[in-house]
Amino acid sequence: MNLGQAAHICAAAVGGPRYQPNMTPEERSSPENGIWLCNMHARAVDLDEITYPAPVLKAWKNAAEDRASKALLNAESEIQKGSETLVVLDIDLMFTGEWIGAKGDAWTFIVKDFLFGNLERLRNFGKNELLPIRRYVIIESQNEGRLLQEGFDWHVNAKGRHEITVKVYPEIRRISLDELGSDIAGTYDGDILIANGDFQLVKGEHHAKQMIERNLGMPFGSWVVKPMMGSYFPMYYRTYKDNLPLLNRLARIELIRMMTIPASLSETDMDAPLNFIKSITEVSVMAPHKGLAGIFVSLVWSDGNSWSDTLYVNYSQEHIELDEEDKDILDMLKQTFEQPSVALLQKATNLFKGRELRVKRDNLAIQRLFNETLPAIIAAAQPALQQVIYPLFTSYETTNSIDRRPFAFYTSADIELAVIKGNVTEIGTHIILRGFKKAGVDAFDVHGDLYIFFDDYYFAFKPSHHGTTWHKKLYDTELTNEDIRAIAAQWVEHLATLTTRQIKALH
């Protein structure tokens, strides 16, 4: 297109009438006049509040966005042909698929390898009379999920592959974080936060984080008012906690489902539980703590802003009482996960690699973690250490380390010099508990470590070089007081575990 035509598009972008100046075609098509027309139209709109009041401009904007949305819906290039992805049609029907095309409301792809389900289940898809609105499609690579209309076509193509076409409804509306309002604040392990004799409130990103944690930890179908509310994550976690690459992908699928698929059986209720999220960048499940799974999540809010943090999600279902119908559904779902193919699971885990938000390591952040965060974690752990751990031993001492070089008296100047000299790969704090003093048990020492490891794009807390990650953050995010309390609690629990293990080894 030339820039004379771009002037028309510029005017149409705000929904207004196309500007038609009295110029020759050659004048209109020149680049200089195209830019001038665009600027002139914008300035005319800005200066004439009577002809172009705010409600008119808003109506133009909505109309333009609607036209753009319809244009995308009808574009075959909306989803790139030939791209392989994980496709989900139900909890027991997941497979790798290759996109053929998306035209209008029809999405077509080739079925490759089944993760859950089989060809018979696929051919009978859509005959779900129990929960008809469970008919949906989720496409992992697109961060997309849609409810499905009636109709499901499949055939075997010339290469012997099953080719299916589903018809999708338009995507649901997204809301901003401001529209979430506020809620009572809770700690990472579920306690209510109280300050100055009253409940603390959370809003914005903090409220959104709390909602993600609660929705992921709520067992699917456990709320009778909204039977589609809740998550399969607790079931996924208990089944695949030893296969983290697969669990990461299943957790990602759950987040996509809850941000795009409505949780009500009412056809008029089209709000998804997490419809304030635009896309998921990365999901990484980490070590559990007191019945909570640590999950590092990197995402983009509906307003386009990036965010990441470590969540703590409940994966226990012991407190849930199910009726007979729910039990039948749960039994069916459990059978889905009994003995899947190891080779297929391995293939599924390698299809896509999690993407990081590419913010390079920050030396100032490393210095702050050494000078402020490690001492804050030790301080947060002190009450529990003094009550539970220290009384078991005759004495204790602590040291810090930089790149495996321990020293009891490191200062801020030492860490500053270390980062100037080169890339610091790790820092740590270490405690030596000397002389176990309970009667009937031989004296022994316990060495407990807490490391912060530095990747190019994030830092992670671990109890050892080869241990499971406790907590993870990108460099452009701040550790909150809740994060510090959670890490401190994990460290205390780790020390208690080491002590118990040592006692058992003596018997």
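This short talk covers the barrel and the enclosed cavities of the structure above.

Let me say at the outset that this is a predicted model, in which local features need pLDDT of at least 70 and side-chain atom pairs count only at pLDDT 80 or more, while totals for chains, interfaces and linings use all residues. Residues are numbered from 1 along each chain as its sequence is written, and side-chain values use heavy atoms, with hydrogens and water left out.

I begin with the barrel, which 6 strands close in the order S1-S2-S3-S6-S5-S4 with antiparallel pairing; strands here are DSSP runs of E with at least two residues, helices are runs of H or I with at least four, both numbered from the N terminus, and two strands pair if DSSP finds at least two bridges between them. Within the barrel, strand S3 (residues 106-116) and strand S6 (residues 162-168) are joined by 5 bridges, and Trp107 stands opposite Val166 in S6.

Turning to the interior, there are 2 cavities of 30 Å³ or more, a cavity being a set of points on a 1 Å grid over the protein atoms alone where a 1.4 Å probe fits but cannot get out, with lining residues having an atom within 4 Å of a point. Volume means the space filled by probe spheres set on the points, which are joined across faces, edges and corners.

The largest cavity holds about 40 Å³, and its lining includes Met228, Arg257 and Pro273. The second largest, of about 30 Å³, is lined by residues including Asp90, Tyr136, Glu254 and Arg257, and helix H8 supplies the largest share of that lining, 3 residues.

How values were computed. 1 Å grid on protein atoms, 1.4 Å probe; cavity = no way out; pocket = protein on both sides within 12 Å on 5 of 7 lines; lining within 4 Å.
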